[in-house]
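Below is a walk through one structure, from a sheet to a pair of annotated residues, then to the relation between chains and a few backbone details.

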Number of protein chains: 2
Amino acid sequence: MSKEYTVAIVGATGAVGEQFRTLLPNAKFPIKDIKLLASKRSAGKELAIGDKTYVVEELTKDAFEGVDIAFFSAGGDRTIEFGQAAIDAGAIVVDNTSAFRMDPNTPLVVPEVNPQDLAKHNGLIANPNCSTIQMVVALNPIRNQFGLDRVIVSTYQAVSGAGAKAIDEMRKQYRAIETGEEIAEPAILPVGGDEKHYQMAYNVLPQIDKFQDNHYTYEEMKMTNETKKIMGDDTIGVSATCVRVPVVYGHSESVYFEVDQDDVTIEDIQNVLRDAPGVVLEDDIANQVYPQAINAEKRTETFVGRIRKDLDFPRGFHMWVVSDNLWKGAALNSIQIAEQMVADKLI
Amino acid sequence: MSKEYTVAIVGATGAVGEQFRTLLPNAKFPIKDIKLLASKRSAGKELAIGDKTYVVEELTKDAFEGVDIAFFSAGGDRTIEFGQAAIDAGAIVVDNTSAFRMDPNTPLVVPEVNPQDLAKHNGLIANPNCSTIQMVVALNPIRNQFGLDRVIVSTYQAVSGAGAKAIDEMRKQYRAIETGEEIAEPAILPVGGDEKHYQMAYNVLPQIDKFQDNHYTYEEMKMTNETKKIMGDDTIGVSATCVRVPVVYGHSESVYFEVDQDDVTIEDIQNVLRDAPGVVLEDDIANQVYPQAINAEKRTETFVGRIRKDLDFPRGFHMWVVSDNLWKGAALNSIQIAEQMVADKLI
């Protein structure tokens with residue numbers, strides 16, 4: 001009989017935790033038991049997974065006994081405080097926060113791109129940032145075939161990436177507008193931990209995460225640094241502009257990229273993407289077919305369309321990349337990391 | 001006594017026509033009379049401008065007698081059918097449609113950028129596309145100082161650019177979502193005249209105007225072709241990705257550009273934009289100050305912020321450009337064209 005796994009979800013009550021609960025019943029490894037861990041405040045709450053009900057337990061250092069795989073998505077501080085306890089208890093930690101992503105001893109993995117890095121783990125695997133994952137899923141097959149020199153990306157990111165409270169804040173703004181009430185003072189978006197907050201309804205906010213010394217936001221630098229690490233190539237240029245739009249689920253990205261070969265055609269790029277793992281090509285402009293955020297919701301794939309040659313630089317191309325930021329961008333990619341490790345006998 | 005001008009608004013009842021009615025009382029030339037022209041269906045309707053009420057008249061070829069300046073924003077077909085009649089009656093036509101923009105005998109003018117082209121008119125001046133105007137207002141002062149080789153732009157365009165009915169369609173979708181009703185089958189967005197229509201609420205649509213043979217949309221090619229014509233330089237590279245977002249007023253743009261000099265700094269770009277005509281620099285990241293669509297509504301200026309050096313190409317920069325698409329993007333720029341022509345004694 002094959003091994004069965006006990007799984008913990010740390011941050012079980014959050015927006016990403018909810019997606020773990022939705023997706024785990026379809027994981028490609030047998031599950032013996034599931035532990036839902038969250039703050040003391042949520043302990044005792046009952047939550048359903050498939051047709052079973054589980055009671056949320058308080059996250060403590062003793063909570064990981066018997067756990068084989070622990071999915072962390074409760075903020076970087078929680079991973080820093082409790083991750084080692086989980087590893088010491090014998091669990092593999094798959095961490096959805098940014099705490100260890102750039103740590104040289106931690107693999108940062110998108111299974112379609114760099115599954116080979118999983119073997120180098122020291123108990124913890126980092127799940128990349130949502131906006132990075134869908135971009136590298138689309139870019140990596142192109143890179144394998146034609147090389148990749150440089151990327152310029154502008155994102156159209158969904159509010160769910162800022163958490164359940166941010167969704168609630170935006171939806172209340174729309175309700176207030178439609179009923180003629182005054183909009184409550186924003187308290188979360190664009191960045192919960194930053195000083196100023198702005199209206200999201202009918203607006204566009206060019207700030208995700210805090211600003212860095214080089215005038216880029218932390219989110220933008222994640223796209224730069226994580227792409228290089230996942231692809232294992234520091235020479236690839238990546239500059240990002242990360243923008244929040246009033247969408248609930250599904251990040252969209254306008255991606256410009258330069259390949260390393262002459263004479264590559266739109267059809268060449270389409271052909272590569274048509275057969276690429278985790279990618280659905282939606283590029284039929286005669287029938288107005290292109291990826292849309294609302295169509296990507298609760299879909300596992302990354303959708304790519306609007307492929308065009310740059311009008312000036314012969315090796316330059318543009319494409320439009322959309323994926324569910326809570327699924328492939330977070331919970332699903334983490335589960336796929338665990339699936340790959342089980343298949344590779346690393347767990 | 002200085003000359004007084006009789007002004008006609010063709011398409012007076014539309015989304016842009018409404019902005020002409022708002023802005024004309026502040027025009028920098030004396031107005032003798034205003035004629036509101038629209039389809040037969042709207043004739044007889046009463047509309048206010050300032051503290052006066054005007055009766056809408058039917059648009060016919062005889063409607064332009066005594067008109068000095070005729071602002072057209074009723075679709076390209078209307079300009080093609082009625083524009084010459086207005087010119088023959090002695091009016092200067094300022095056309096907000098795309099019908100004559102690329103006509104080599106028609107000046108395409110943004111007054112901050114190429115006022116000198118007005119003198120070459122043959123009775124008709126074309127007002128550029130909304131997304132082009134705000135971009136060239138921001139780029140031209142940079143180009144004057146440091147040269148400009150190449151532009152890559154991704155837009156976040158407001159629904160008002162698709163007209164009053166498109167706004168209504170989107171707002172009804174939000175109301176249906178918030179009240180739990182079913183969303184009516186979309187009939188307008190993304191492109192009224194195209195075959196398929198998609199939900200705009202909580203969605204992002206990477207199509208504005210119809211697709212061309214090169215896989216770009218007509219809107220994207222407007223940005224390419226109009227930028228070269230306004231700047232009078234075919235060697236500037238421009239590739240665009242034009243995207244509709246669920247915003248009512250205010251286009252936002254993520255603009256990457258390459259200057260023609262080494263060693264240009266963020267501060268150099270900021271200094272040029274701080275003194276540029278029609279531009280407001282909003283680039284104070286320490287205080288989370290950057291342009292936002294909702295702040296640009298009913299403002300005359302183009303707002304620029306988030307200026308960064310590209311991380312890979314030393315002559316490359318990124319910036320975020322926002323303006324009211326119905327004001328500077330349409331009615332205001334048309335009025336400014338007329339103001340400039342009056343000042344230059346061309347009318």
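In which sense do strand β9 and strand β11 of chain A pair, and over how many bridges? In this predicted model, β9 (residues 150-156) and β11 (residues 251-258) of chain A run antiparallel to each other and are joined by seven bridges. Within this pairing, Ser154(A) has Ser254(A) of β11(A) opposite.

The two strands belong to an open sheet of six strands in chain A, ordered β10-β9-β11-β14-β13-β12, and the pairing in the sheet is mixed. At its edges stand β10 (237-241) and β12 (279-281) of chain A; each has a single partner strand, so one side of each lacks a neighbour in the sheet. From one strand to the next, the twist averages 25 degrees.

Strand β11 also leads to the annotated positions. An unreviewed UniProt entry places the feature "active site" at Cys130(A) and His251(A). These positions span 122 residues in sequence, yet no two of their C-alpha atoms are more than 8.2 Å apart, so they gather at one spot.

The two residues sit in different kinds of element: Cys130(A) is in helix α3 (residues 130-146) of chain A, and His251(A) is in strand β11 of chain A. Are they buried or exposed? Cys130(A) has a relative accessibility of 14% and therefore counts as buried, the cut-off being under 20%. His251(A) is buried as well, with a relative accessible area of 0%.

The surroundings of each can be read from the contacts, leaving aside neighbours within four places in sequence. On that basis, Cys130(A) touches Gln157(A), Glu219(A), His251(A), Asn325(A) and Gly329(A). The annotated pair is thus listed in direct contact, because contact means heavy atoms within 4.5 Å. For His251(A), the contacts beyond four places in sequence include Cys130(A), Ser131(A) and Gln134(A). Others among them are Tyr156(A), Gln157(A), Ala158(A) and Arg244(A). Val321(A), Val322(A), Ser323(A) and Asn325(A) are also in contact with His251(A). Gln157(A) and Asn325(A) appear in the contacts of Cys130(A) and in those of His251(A).

The next step is from one chain to the other. Two copies of a chain are related by a rotation about an axis and a shift along it. Here, a turn of 180 degrees with a shift of 0.0 Å along the axis lays chain A on chain B with an RMSD of 0.0 Å. That is the relation of a two-fold axis. The same surface serves both copies, as 100% of the contact residues of chain A recur in chain B.

Some backbone details remain. Most residues other than glycine have a negative phi, and most peptide bonds are trans. Against that background, Leu189(A) and Pro190(A) are joined by a cis peptide bond, with omega about 5 degrees. Pro190(A) lies in the loop between α4 (164-179) and α5 (218-231) of chain A. In chain B, a cis peptide bond joins Leu189(B) and Pro190(B), again with omega about 5 degrees, and Pro190(B) is found in the loop between α4 and α5 of chain B.

Positive phi values occur at two further places. Gln288(A), which is not a glycine, has phi near 55 degrees. Its place is in the loop between β12 and α7 (293-296) of chain A, and Gln288(A) is buried at a relative accessible area of 3%. Tyr202(B) has a positive phi of about 55 degrees. Tyr202(B) lies in the loop between α4 and α5 of chain B and, at 6% relative accessibility, counts as buried.

Methods. Residues numbered from 1 in each chain as written. Chains lettered and ligands numbered in written order. Predicted model: local features only at pLDDT ≥ 70, side-chain atom pairs only at ≥ 80, totals over all residues. Heavy atoms only, no water. Pairing = 2+ DSSP bridges. Helix = DSSP H or I, 4+ residues; strand = E, 2+ residues; numbered from the N terminus. Axes fitted to C-alpha atoms, helices over the stretch in contact; angles between N-to-C directions. UniProt positions renumbered as here; feature names shortened; annotations may be inferred. Buried < 20%, exposed > 50% of the residue type's maximum accessible area, 1.4 Å probe, protein only. Least-squares fit on C-alpha atoms with pLDDT ≥ 70 in both.
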